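Student: I am new to this structure, so please take a close look with me at one part, the chain lettered B, and explain each term as you go.

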Amino acid sequence: METLVSVRRPVRELRPGDHALLTFANDEEQRNVVGSFVRAGLAAGDKVIYLAETAHARVPGAPNPPPGRLSMVALDGFNGRSFQPRVVLDALVEEIRRAEDEGYGTIRVTADMTWAVRRPNGLELLLGSELRIEHAIAPSTSVIAICEYDRRHCSPEELGALHQAHGIVVVPDPEFEDSVLRIVRTFDPTGLALIGELDASRHMVLDGVLARLVSSINGSEIHLDLSGLGFIDLGAINMLADVAARRAGHGPLVLDRMSPQFRTVMETVGWHMLPGLRLSDDQ
Amino acid sequence: MTLEHRAFMYGELQQLLDTAVPWLREGVERDEKVVVVVRETGMNAVRDVLGPDGKDVEFYPSEVFYKHPVRTLRDYQGIVQDARPHTVRALAEPVWHGQSPRETREWARYESLINVAFEHSGARALCPYDQSVLPQEIIEHARRTHPKFARGEDTLHNDSYVHPKDFGNGCDSMIQLVRPRHAEYRTIESDDLHDIRAFVGERAVGHGLDTTVARTLVTAVNEVATNAVRHGIPPMGLWIWSDDRDLICEIGDNGFWHADPLTGFLPPESALQRGFGLWTVRLLVDLVELKAGWDGTFVRLHVRR
């Protein structure tokens, strides 16, 4: 099998000519990525073309879209022909042409195509169409596309084939990023990944991101992936204990993967110093 | 439940056995958690005399148990917590040979801290001191750090006992911080300590520390430097140098931090408690020395190379 190294790119770094793949773990991840994509487009005055189940579907990131800037292509408008991926993609391409004629400098297209994989011969038909899309978009100086697929409904082989058909894999925008620390939302499991170094100068940042997350998830578990953290200070460890204590009665704060430095500190002081925090079993 | 913390002066092993073994047996009969921490030379003798009564007694050689005073306090705290609802009875003989004056001072401080750390634990500790080999200085420390003496089966009140805060102040007044001229210096500008960490990490490895020890030192330095930025008065800075034994990092600022002499010695309940930071720093490195004076507040961290 051909090995493929996909370029991973946060939503905000997508540029015209990018034909990106999103394989989402759940609705939350889909809303996060598509919402960022649509919101940024509308804010910048781009054209947004959105494939939905019905013409009345709610579009993430566009609670009140400015007239004309958001075009919906509805699957239920195809009278059964929609089950041909090619027909649907042709409709999207037509919308793109129209937007180009209207003079939009940047045109953003996004479509959840999971349904097409599940049709008889779906993957094969789909890959043919994806190839046409790839050839149409790659040289474009105006079009950015995100093709969405629900990971829960695709086999590993299907996901592998979809990766082959896209040059870029789109990932959520980081919640925070500077030269020292990056905080990335994770969706499977729900939580955050911390990459870089965390000291007192960035406690407020982490506190803010954690607070936003806590208020958005209704008390379920929060997982922290610390494997990419080169340094965590003792104040941040105190902060994690504090968050865990404040969540008493809700789902626990779970540490999934620890950096060696964090592990050394905790083994020295004793894990009982972190009441309310849980270590996942794989470590 | 108050702590019973007694020193016991002996000259021959038999004297130790005559006093300690019946006392340990009493603990076994009362269903207490009984722990014996003695030097290897005495361990087998205690074990033999206890015989079958010693089957539930935990034995640790002093040479292994007494390596780092703050860690030893942590370990005893663990034993006390694990034993609940039973109380702990410990025959506890520290190691007093082969130490620098600094280390002896810190072990004496440790004996004194026992009185505060386990004040309400109901624990009983009997601390044997071998008068035939220990220098007078150590015996003097014992008099000032134990509220009671054991003599045979009797318990005597000790008038020379000093409250741990006063004893700690005495220890701190002995601290002399002299810095060699070849110490390297970096200013600390803000709580964004990335550059300081990189500098300390690189120098630590350069001075021969392995990466885990270097990383641990960096964690400790970061905490002390963060405190200096938060509570100190500029200029803040860091010196680093090594001698024939240790790598030394000193963080200084221009403020006067009149710290409680017990600060950071007593194990906190959790990371949420005040004092978790400095206590962890004391655990992470081999020795912390703190000195505040007219010229500023200085925290010195020693790590064995």
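Tutor: What follows goes through the domains of this chain, then its core, two chosen residues, and finally its meeting with the neighbouring chain.

Residues are numbered from 1 along each chain as its sequence is written, while chains are lettered from A and ligands numbered from 1 in the order in which they are written. The model is predicted, and for that reason local features need a pLDDT of at least 70 and side-chain atom pairs count only at pLDDT 80 or more, whereas totals for chains, interfaces and linings use all residues.

Chain B is divided into domain 1, residues 4-171, and domain 2, residues 184-304, with bounds that come from an automatic or database domain assignment. Between the C-alpha centres of domain 1 and domain 2 of chain B there are 31 Å. Where these two domains of chain B meet, domain 1 gives 15 residues to the contact and domain 2 gives 9, two residues being in contact if their C-beta atoms, placed from the backbone, lie within 7 Å. On the side of domain 1 of chain B that touches domain 2 of chain B, the elements giving two or more residues are α4 (69-83), α5 (101-117) and α7 (164-173) of chain B; helices (H or I, at least four residues) and strands (E, at least two) are DSSP runs, numbered from the N terminus. The residues of that side of domain 1 of chain B fall into 6 nonpolar, 4 polar and 5 charged, where Ala, Val, Leu, Ile, Met, Phe, Trp, Tyr, Cys and Pro count as nonpolar, Asp, Glu, Lys and Arg as charged, and the others, Gly among them, as polar.

A record also marks out a stretch of this chain: in an unreviewed UniProt entry, the annotation "domain: MEDS" covers residues 5-147 of chain B. UniProt positions are given in the numbering used here, feature names are shortened, and annotations may be inferred rather than shown by experiment. In the model, the end C-alpha atoms of residues 5-147 of chain B lie 7 Å apart, and the span is 52% helix and 20% strand.

One residue to look at here is His141(B), which has its place in helix α6 (residues 136-145) of chain B. His141(B) counts as buried because it has 24 C-beta neighbours inside 10 Å; a residue is buried if 20 or more other C-beta atoms lie within 10 Å of its own, exposed if 12 or fewer, and partly exposed in between, with C-beta atoms placed from the backbone. Leaving aside residues up to four places away in sequence, His141(B) touches Ala108(B) and Glu111(B). Its C-alpha atom is separated by 24 Å from that of His302(B), and the two residues are 161 residues apart along the chain.

The next topic is the core, meaning a set of buried Ala, Val, Leu, Ile, Met, Phe, Trp, Tyr and Cys residues joined through C-beta atoms within 7 Å. The largest nonpolar core has 107 residues, and those that touch the most other members are Leu217(B), Val221(B), Ala225(B) and Leu301(B). Helix α9 (residues 211-231) of chain B supplies the largest share of this core, 10 residues. Not counting residues up to four places away in sequence, Ala225(B) touches Ile188(B), Leu193(B), Ile196(B), Leu238(B) and Ile251(B). Apart from this core lies another, of 39 residues, among them Val34(A), Leu126(A), Leu162(A) and Ile168(A).

The second chosen residue, Gly201(B), is found in helix α8 (residues 194-206) of chain B. Gly201(B) is partly exposed, because 19 other C-beta atoms lie within 10 Å. It touches Ala214(B) and Val218(B), again without counting residues up to four places away in sequence. From the C-alpha atom of Gly201(B) to that of Val221(B), 20 residues apart along the chain, the separation is 10.0 Å.

Finally, chain B meets its neighbour: 21 residues of chain B are in contact with 22 residues of chain A. On the side of chain A that touches chain B, α7 (234-246) and α8 (260-269) of chain A each supply at least two residues, and the largest share, 7 residues, comes from α7(A). By class, this side of chain A has 12 nonpolar, 6 polar and 4 charged residues.
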